[in-house]
Amino acid sequence: MDPQSCVKIKQEWDIVKARQLGRDMSRKVGFGTVDQARIATAISELARNIYLYADDGEICFEIVDNNEHQGIIILSLDTGPGIQNLSLVMEDGYSTSGGLGAGLPGVKRLVDNFDIKSEEGKGTEIQVMKWLK
């Protein structure tokens, strides 16, 4: 990924900044309002996870145009404690914060590609992609 723009996530307000930038970039690609909302929702969940669990991280964006397809890549990077059990956090209903436990499984449903890597003590990297159809 060659990020074109990134938003550092340090405060709750940064979640809104990341969401707005993602919506603006998705509009630029040509996504309709429904897909813009899906992308913004996915970004909110990814940024909120950084804010709640990692303290330090960023959301980066890249517009992809390979002559056959256009889309947007969203990369969530943090240097938090990492995720001990990736299978468990991808189950609907699992939460360590008392929430609904719909965050990451919900993000996966909203996008076309979802990849998560995490290492205890080093952080988490989540890359998602949405293609323009």
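**Entry 1, the hairpin.** I began with β4 and β5, which form a hairpin with 3 residues between them, and I noted that G121 in the turn has a positive phi of about 80 degrees. I keep in mind throughout that this is a predicted model. Looking along the hairpin, I found that β4 and β5 run antiparallel and are joined by 7 bridges. One position I checked by residue was S118, which stands opposite T124 in β5.

**Entry 2, the nonpolar core.** Next I looked up the largest nonpolar core, which has 27 residues, and I listed those that touch the most other members: L46, I59, F61, I74, F114 and V128. I then asked which elements give two or more residues to this core, and I wrote down β1 (5–9), α1 (12–29), α2 (33–54), β2 (57–65), β3 (70–78), α4 (103–110), β4 (113–119) and β5 (123–131). The helix α2 gives the most to this core, with 7 residues. As a general reminder I added that in soluble globular proteins nonpolar side chains tend to be buried together.

**Entry 3, V128.** I picked V128 from that core list and looked up what it touches, not counting residues up to four places away in sequence. The residues I found for V128 are L46, I72, I73, I74, V107, V111, N113 and F114.

**Entry 4, helix α1.** I checked the length of α1 against expectation: at 1.5 Å a residue its 18 residues should span 26 Å, and since the end C-alpha atoms are 27 Å apart, the two values agree. I then noted which residues of α1 are buried, namely D14, I15, A18, G22, M25, S26 and V29. These cover an arc of only 110 degrees around the axis, which puts them on the same side of α1. On the other side of α1 I found W13 and K28, which are exposed. What covers the buried residues of α1 includes β1, α2, β2 and β3. After the helix I came to G30, which follows α1 and has a positive phi, near 115 degrees.

**Entry 5, Q36.** I finished with Q36, which lies in helix α2, and I asked whether Q36 counts as buried or exposed. Its relative accessibility is 6%, and because buried means under 20%, Q36 counts as buried. Leaving aside neighbours within four places in sequence, I found Q36 in contact with R23, S26, R27 and F31. Of these contacts, S26 was already in my notes as one of the buried residues of α1.

Definitions and conventions: Residues are numbered from 1 along each chain as its sequence is written. This is a predicted model: local features need pLDDT of at least 70, side-chain atom pairs count only at pLDDT 80 or more; totals for chains, interfaces and linings use all residues. Side-chain values use heavy atoms; hydrogens and water are left out. A nonpolar core is a set of buried Ala, Val, Leu, Ile, Met, Phe, Trp, Tyr and Cys residues joined through side-chain atoms within 4.5 Å. Buried means under 20% relative accessible area, exposed over 50%, partly exposed in between (1.4 Å probe, protein chains only). Contact means heavy atoms within 4.5 Å. The expected span of a helix is 1.5 Å times one less than its number of residues. The arc is that of the directions from the helix axis to the C-beta atoms. Two strands pair if DSSP finds at least two bridges between them.
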